[in-house]
Amino acid sequence: MDTSLSTIAVVGLGTMGTGIAEVLALAGREVIGIDISEAAALGAVASLEASTARAVGRGRITEQERTDALARFRTSDDLRTAADAELVIEVVPETYEIKQQVFRELDAIVSPTAILATGTNALSVTRLAAESQHPERVLGLHFFNPAPAMKLVEVVSSVLTAPPAVEAVTALARELGKEPVAVGDRPGFVADGLLFGYLNQAAAMYEANYASREDIDAAMKLGCGLPMGPLALLDLIGIDTARTVLEAMYSESHDRLHAPAPVLGQLSSAGLTGRKAGRGFYTYDAPGGQAVVPDALTPAADAASGAGRDVASVGVAGSGTMASGIAEVFAKAGYDVMLAARSQEKADVAKGRIAKSLERSVTKGRLTAEARDETLARITAAGSLDAFAEVDLAVEAVAEDLEIKQQLFAALDKVCRPGAVLATTTSSLPVVAIARATARPEDVIGMHFFNPAPAMKLVEVVRTVLTADDVHATVRAVCARIRKHPVDCGDRAGFIVNALLFPYLNNAIKMVEQHYASLDDIDAAMKLGGGYPMGPFELLDVVGLDVSLAIEKVLHKEFRDPGLAPAPLLEHLVAAGCLGRKTGRGFREYARR
């Protein structure tokens, strides 16, 4: 099998095919771009000319390198021009019929030693290979969009693929400056296999009117550090494309989490396929446009939920990292803060933690010494909840245990003045069950901060069926004053972020259980292919496997979906005491501090 791969044909000159051709031409390969559409071919040439001109302008390549790359790229509308290619990459529409026809025709054109690669992200490579007279030379080569910028390439082997073919394209990917990840043949492979399940759940969450499209997207960007929210990403990918991928995944897994949300089919059938159509979950300035424009669903700028209650003083109950961080946030915003713990000693330790945090901010130039002193002076450490007698807002930040929180709220009910707002920072427990521990459940609301509270901008504002409108308005106004971004959600397990994040993490664990891919390859795939700041196993070890398991169990209990059952491997690691970074071992081992 020829492994020099100096002449490469790209069949299909849409956005992805054109991007792949650009990468190959700039890397010194002779590239034959083939498309039955003359307009597509002309568009590919124009795109390559424009993108290489921008690269010259930015100093990334020289004018001579641009000239050479353009000279190495030629187009044709005849598949027979691929005769001399040592590698053919097809990027034609995502249907078996079209791709199989291309492979059948290539069999009669190219050398028996040429490698045939499909760019599919949803269809079976094995099924496509079976149509070829030489299935051993067929594999998957899945680039990510935009191909010139994205580093990940998934190299997909079927049970029929010859190892030399895999080795040749893996070496090519590295020479192109990409990061190749070896995966087996299953719909979605690694990155899309995890990504599209998450996107599907976000679409279902929106369809259920649980949260607005803006709040869902803001929650995942601000709460998880993602470059795009899931609904905006679906619009970018193409809602019809996403539905095709999910259908392929569901046909193999029969996991309800992969069954396409009905809204995806409805939008696709209506031609509202996302950016390319000018409208999908959002409305854009034009077909193919990037700028979102207001539509009937866009929240009004003054869409506050009415007048709230006055808040001048805040009580924070707890002595851990989250309680300290929340107290710091409120004090920085000018509130008088009462920080109460189970003992004066614990409260003093918590305030000391805040002092160290403020000092670090001064050292880094983020805070003046005067502002540090003023902030610290606003915080009073107390060893009893009795100190909350006159606060306007009481925020609970104690252990994530329903019984403990209910006991605390029963105490707050007795201590806090009538009209005080009582907020819980729970991330997974039912807020209404906490509220019912008081005689004033209408005053109780969820206010879920993210860790570390001083740095993370998101707060999930969780209304129960009993929460008063002015309590909701109060908390949103408070969020604005402390410079946090509030998102509204109802009182159900996981709220927005954890309900979308933890099934994704659980599915990553299942991939490892099934020996489909390694920890390192999965982490690399999600960082390079999905733009995630951390891979799923890095994140699990940081969060804590015991915490992750507890959240998975809550989600499974609430939604009764078999696909949400915690992966056995997660349960086994927790049972063994391997809880992540805090114990020195989780999915990976860490040096003891």
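User: Which residue's ring has the charged end of Arg492 sitting over it?

Analyst: First, a heads-up: this is a predicted model, where local features need pLDDT of at least 70, side-chain atom pairs count only at pLDDT 80 or more, and totals for chains, interfaces and linings use all residues. Residues are numbered from 1 along each chain as its sequence is written, and side-chain values use heavy atoms, leaving out hydrogens and water. A charge sits over a ring if NZ of Lys or CZ of Arg is within 6 Å of the ring centre and within 35 degrees of the ring normal. Arg492 has its charged end 4.0 Å from the centre of the ring it sits over, and that ring belongs to Tyr210.

User: How far is the charged end of Arg186 from the centre of the ring of Tyr516?

Analyst: Here we have a charge over a ring again, with Arg186 bringing the charge and Tyr516 the ring. From the charged end to the ring centre it's 4.5 Å.

User: How many salt bridges are there by the rule?

Analyst: The rule asks for a side-chain nitrogen of Lys or Arg within 4 Å of a carboxyl oxygen of Asp or Glu. Apply that here and the count of salt bridges comes to 27.

User: How many residues apart are Asp561 and Arg256?

Analyst: These two side chains meet in a salt bridge, 3.4 Å from N to O. Asp561 is in the loop between α21 (545-559) and α22 (568-575), while Arg256 is in the loop between α10 (239-253) and α11 (262-269); helices (H or I, at least four residues) and strands (E, at least two) are DSSP runs, numbered from the N terminus. So the pair links distant parts of the chain, and the gap in residues is 305.

User: Is Asp561 buried or exposed?

Analyst: Buried means under 20% relative accessible area, exposed over 50%, and partly exposed in between (1.4 Å probe, protein chains only). Its salt-bridge partner Arg256 comes out at 51%, so Arg256 is exposed. Asp561 has a relative accessibility of 9%, so Asp561 counts as buried.

User: What is the relative accessible area of Lys405?

Analyst: Lys405 forms a salt bridge with Glu396, and their closest N and O atoms are 2.4 Å apart. Glu396 is buried, with a relative accessible area of 0%. Lys405 is buried too, and its relative accessible area is 0%.

User: Which helix holds Asp413?

Analyst: Asp413 and Arg440 form a salt bridge, with the closest N and O atoms 2.9 Å apart. Arg440 lies in the loop between α16 (431-435) and β16 (444-449), so the pair ties together parts that are 27 residues apart in sequence. Both residues are buried, and the helix holding Asp413 (residues 402-415) is α15.

User: Where do the buried residues of α21 fall, seen down its axis?

Analyst: Buried residues in α21 include Leu545, Leu549 and Glu552. They pack against α18 (497-513), α20 (536-543) and α22. The buried residues fall within an arc of 165°, taken from the directions from the helix axis to the C-beta atoms. So they line one face of the helix.

User: How far apart are the end C-alpha atoms of α21?

Analyst: The expected span of a helix is 1.5 Å times one less than its number of residues. With 15 residues, α21 should span 21 Å, and the model agrees, because the end C-alpha atoms are separated by 21 Å.

User: Which strand holds Phe449?

Analyst: Rings of Phe, Tyr and Trp (its six-membered ring) pair if their centres lie within 6.5 Å; planes under 30 degrees apart count as stacked, over 60 as edge-to-face and the rest as tilted. The rings of Phe330 and Phe449 have centres 6.2 Å apart and planes at 65°, so the pair is edge-to-face. Phe330 lies in helix α12 (residues 321-332), so the pair ties together parts that are 119 residues apart in sequence, and the strand holding Phe449 is β16.

User: What is the distance between the C-alpha atoms of Ile434 and Leu402?

Analyst: Ile434 is found in helix α16 and is buried, with a relative accessible area of 0%. Among the residues it touches (heavy atoms within 4.5 Å), not counting those up to four places away in sequence, are Leu402, Lys405 and Phe409. Ile434 and Leu402 are 32 residues apart along the chain, yet their C-alpha atoms are separated by 7.2 Å.
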